[in-house]
Amino acid sequence: MKKENNKKLIPLIIWGTLSLSSYLMIFLFQNELLFYSTRGGIFSVVPLLFAFYFSFVHGAFASYLLPFIGVEAIIKKEAH
């Protein structure tokens with residue numbers, strides 16, 4: 001079990017770092033992001049792209065974090 005956790009630690013750190021740096025960048029450059037998002041036209045897809053990006057990065061981070069800390073789904077067996 002410990003060896004398996006060590007295997008998952010590297011992707012966890014990579015996705016966690018990417019997720020944290022993404023949030024940091026959005027807070028640091030929020031004015032520029034808001035400027036381009038409100039210009040209209042083709043720029044109106046900018047918020048959608050950011051939403052997909054954050055969903056993917058944060059989801060990947062969470063998918064490595066939850067098993068690493070021991071949180072797993074309960075699988076119920078159906079009685080026949």
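Okay, let's start with helix α3, which covers residues 46–68. How far apart should the ends of a helix of 23 residues be? At 1.5 Å a residue, α3 should span 33 Å, and its end C-alpha atoms do sit 33 Å apart, so the expected and computed lengths agree. Keep in mind that this is a predicted model. That said, α3 is where the predictor's confidence is highest in the chain, with a mean of 93, while helix α1, residues 2–28, is lowest, at 88.

Which residues of α3 are buried? They are V46, F54, V57 and A60. Here's a handy thing to remember when you look at a list like that: an α-helix has 3.6 residues a turn, so residues three or four places apart point the same way. After α3 comes G70, and its phi is positive, near 95°.

Now let's zoom out. The protein chain has 3 helices and 0 strands, and reading along the sequence you get α-α-α. Is that chain compact or spread out? Its radius of gyration is 18 Å, well over the 12 Å that the globule rule gives for 80 residues, so it's more spread out than a compact globule. If you'd like dimensions, the C-alpha trace spans about 55 × 35 × 15 Å along its principal axes. Only a part of the chain is tucked away: of its 80 residues, 12% count as buried. And if you take contacts between residues at least 6 apart in sequence, 76% of them join residues at least 24 apart.

Next, what does the database record say? UniProt, in an unreviewed entry, puts a "transmembrane region" at residues 12–30 and another at 50–75. How does the model look over those stretches? Residues 12–30 are 95% helix and 0% strand, with end C-alpha atoms 26 Å apart. Residues 50–75 are 73% helix and 0% strand, and there the end C-alpha atoms lie 34 Å apart.

Let me finish with one residue, S37, in helix α2, which runs over residues 30–37. Is S37 buried or exposed? The cut-off for buried is under 20% relative accessible area, and S37 comes in at 19%, so it counts as buried. Its side chain reaches back to the backbone oxygen of L33, at 2.7 Å. Setting aside neighbours within four places in sequence, S37 is in contact with F43, S44, V46 and P47. V46 should ring a bell, as we met it among the buried residues of α3.

Last point, on overall confidence: the chain averages a pLDDT of 89, and 92% of the residues score at least 70.

Terms used. Residues numbered from 1 in each chain as written. Heavy atoms only, no water. Helix = DSSP H or I, 4+ residues; strand = E, 2+ residues; numbered from the N terminus. Expected span 1.5 Å × (residues − 1). Buried < 20%, exposed > 50% of the residue type's maximum accessible area, 1.4 Å probe, protein only. UniProt positions renumbered as here; feature names shortened; annotations may be inferred. Polar contact = N/O pair within 3.5 Å; in protein donor to acceptor, adjacent residues only side chain to side chain. Contact = heavy atoms within 4.5 Å. pLDDT = per-residue confidence, 0-100. Rg over C-alpha atoms; globule rule 2.2 N^0.38 Å.
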